[in-house]
Amino acid sequence: MSFLSKLLFKNKTQEIGAAGIGSILIKGEELKRSINGVFGRSLFVRLVDSGSCNACENELAALSNPYYDLERFGIKFVASPKHADVLIITGCVTRNMLNPMLKTYENIPSPKFVITAGDCPETGGPFKDSYSVCGPVSKYLNVALHINGCPPEPETIISGFLKFMDMLKAS
Amino acid sequence: MNKIMLNKHNIGSSDFINSADNLKASGKYLLGIAASDERTLNSKFNVKYFFGGGGGIEEYCVDADESFQSMSKICPAAKMYEREIYDLFGLLPSGHPDLRPLMLYPENWDSSVHPLRKDYNNLIPDMKKYGEYKFKEILGEGIFEVLVGPVHAGIIEPGHFRFSLAGEPVLQLEIRHFWKHRGIEKVCEGKDFKETLDIISKISGDNNVNIAIGYLEAAESILNIQITERAEYIRVILAELERIWNYVRDVAWIFMDIGFALPAQNLFALQEEFMRLNKNLSGHRFLFNSLTVGGVNLDLDSAKLKAIQEAVEKVENIIKDCEEFILNSSTVLDRLEFTGKINHKTAEELSLCGISARASGLPRDSRIEFPYLIYDKLNLKPVLHDGGDVFARTVLRIKEIYVSKKIIEGLLFNLPEGDIAVACGNKPEAYKYAIGNSETSRGNAFFYIMADDNGKIFRLKYIDPSFRIWPSIQYGVLGNIIADFPLINKSLNLSYSGNDM
Ligand code: SF4
């Protein structure tokens, strides 16, 4: 059997389903219902890294791997801020990234929300007193939700999205 | 304990630059340049040049007042280091061809303030525009520019790329980095060696184990600590695991960028399994805090050893399939071969390291050149390719996964008995310094550390492999079409956070 057909017929995701990641499915389905209820369709997310160590990006990227496959629950990372509802910010906000971060935010059409991922954007982490760091994010933007962790695990980020949707529903 | 042979030479500035040509001719290459403000000790700044090649490391120490002689014209690899020193210390590299600011942007920083000087008073300039950054320009009929970044379309780090094109082919690429400059070297000053380790793991999260090993080589040599054999074995196992999952991810991105989502997702799932293995071993998906000054924080019991063995066996099976597929598919080969070629000469002039050097035929692998931990007992040979293209870099990653798997398997069931960490109450000798070097999945991580008279960090200089390699992509893309840039970029897979620091 060729490599591609081997992959097609012995699908990875089937194995993963069997490997018991029930908690993600349960959270994901709830997320989907909630997003459909509030937005009517998918939730579009744009990311800005304002000075991370790259581990936070790795975890956000992991949300697209077959174990999580976040898009099936209605959350999509988009290329342009003009398409986004939510801005996710990682990193401690360096002086050099402040402007690009704010510009990205400006370019998101209202209503728009800011979520931070990781400890860096909330507190500045170990870099908060550095000469080239001017965070935290909340100094400049209204943050709807901080997702904690260093870095937050993919499942924690999914729980974060759920919490965010609950907040929207409640308001 | 640090096994690197360091030959120290103390010389005047101009003599040294004159001999730099000879140094290069004798096969030495620049590992890095570290400046340090030692005016409180001997009323001078000094600039240390480190050269590798031929077993040991040569250190040339040059005193400087407010300027020093640039060696960029003889040794192009020195360019970025000298610009950095000009920014952070305000020492003028006289004769340097390009003195534009590097990490302290004129858009928000007053260029007369140099934060790494010891008399810097911690005053942060107001957030306003102080000047303009000038990009290089190519003029001519039909030439146009494409600007990309700093914020990119995907889930990746920020960086600015400026292409000059005539039709499809790229005529020039200029990179502007350091958007994420966090001032880590300064943050470490005055911290003790344990606190610094925590900060060091956050330089570049996906390579934190290997970078921390480089740091600990230097730190433990300053502190006179000899870690146990068991701790050395565990460090190597964790380092190789990190290398494997990094390579798996890198190959996955290559598949993604040439439109083969199915094998890519298969490899991303495999990467996820490694992250989970990490979590199982250490409680953290990236193995943060697994190492400590004096040893390691985790022990490997038989269940964990078995989990590691299963994981590396699985990775080998899947990667074998991938390799076969790449080698037998004309559509894949068509995209990878001859794309993003960095030739041997360029690699040499820019002092490349890691996969990027080995894919251009340079046998540079710190595990072999300057062995640390137990690497000298492993009889490793550098895995080389002379293609210099995306194909060479992809195939080397695959081959090195096999090597790492072999290393791990050799160690797993031969773990020596003993403690995993030793006590480290030693106070370092005042102003003692050491270097540390380790091989990450991108190339070598190099540390120069000096202690103060209080057992804290006086000066820490870290050189990330990405800092060395980034300039080479400006040569790698020439003549390629712009649509191939993401693929070329992924084939080097450099870190922005490590580069920007
Ligand atoms: S929160 Fe932790 S993982 Fe995320 S960017 Fe900061 S240091 Fe890195």
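Reader: What separates the C-alpha centres of domain 1 and domain 2 of chain B?
Author: In this predicted model, those centres lie 26 Å apart. The contact takes 36 residues from domain 1 of chain B and 23 residues from domain 2 of chain B.

Reader: What makes these two stretches of chain B domains?
Author: The bounds come from an automatic or database domain assignment. That assignment gives domain 1 as 6-129 and domain 2 as 184-500.

Reader: Why are certain residues said to surround the ligand?
Author: A residue counts as near if one of its heavy atoms lies within 4 Å of the molecule. The residues around the ligand include A:Ser52, A:Cys53, A:Asp119 and A:Cys120. B:Lys202 is also one of them. The ligand lies between chains A and B.

Reader: What classes of residue make up the shell around the ligand?
Author: Six are nonpolar, three polar and two charged. Cys counts as nonpolar and Gly as polar, so A:Cys56 and A:Gly118 from the shell fall into those classes.

Reader: What is the space taken by the ligand called?
Author: It is a cavity, the second largest. The term fits because a 1.4 Å probe fits in a cavity but cannot get out.

Reader: What makes helix 6 and helix 7 of chain B a pair in contact?
Author: Contact means heavy atoms within 4.5 Å. From helix 6 of chain B, B:Ile213, B:Leu216 and B:Glu220 are among the residues that meet helix 7 of chain B. On the helix 7 side, B:Arg235, B:Leu238 and B:Glu242 are among those taking part. The residues of this contact divide into five nonpolar, two polar and four charged.

Reader: How do the axes of these two helices of chain B cross?
Author: Helix 6 covers residues 208-222 and helix 7 covers residues 229-257. Their axes come within 8 Å and cross at roughly 145 degrees. The angle is taken between N-to-C directions, on a scale from 0 to 180 degrees.

Reader: Which peptide bond leading to A:Pro151 is cis?
Author: The bond from A:Cys150 to A:Pro151, with omega near -10 degrees. A:Pro151 sits in the loop between strand 5 (145-147) and helix 7 (154-170) of chain A. Both A:Cys150 and A:Pro151 are among the residues around the ligand. The bond from A:Ser110 to A:Pro111 is cis too, with omega near -5 degrees. Most peptide bonds are trans.

Reader: What makes A:Val93 worth a remark?
Author: Its phi is near 65 degrees, a positive value in a residue other than glycine. Most residues of that kind have a negative phi. A:Val93 lies in the loop between strand 3 (86-90) and helix 5 of chain A.

Note on methods:
Residues are numbered from 1 along each chain as its sequence is written. Chains are lettered from A and ligands numbered from 1 in the order in which they are written. This is a predicted model: local features need pLDDT of at least 70, side-chain atom pairs count only at pLDDT 80 or more; totals for chains, interfaces and linings use all residues. Side-chain values use heavy atoms; hydrogens and water are left out. On a 1 Å grid over the protein atoms alone, a cavity is a set of points where a 1.4 Å probe fits but cannot get out, and a pocket is an open set with protein on both sides within 12 Å along at least five of seven lines; lining residues have an atom within 4 Å of a point. A molecule sits in a cavity or pocket if more than half of its atoms lie within 2 Å of its grid points. Helices (H or I, at least four residues) and strands (E, at least two) are DSSP runs, numbered from the N terminus.
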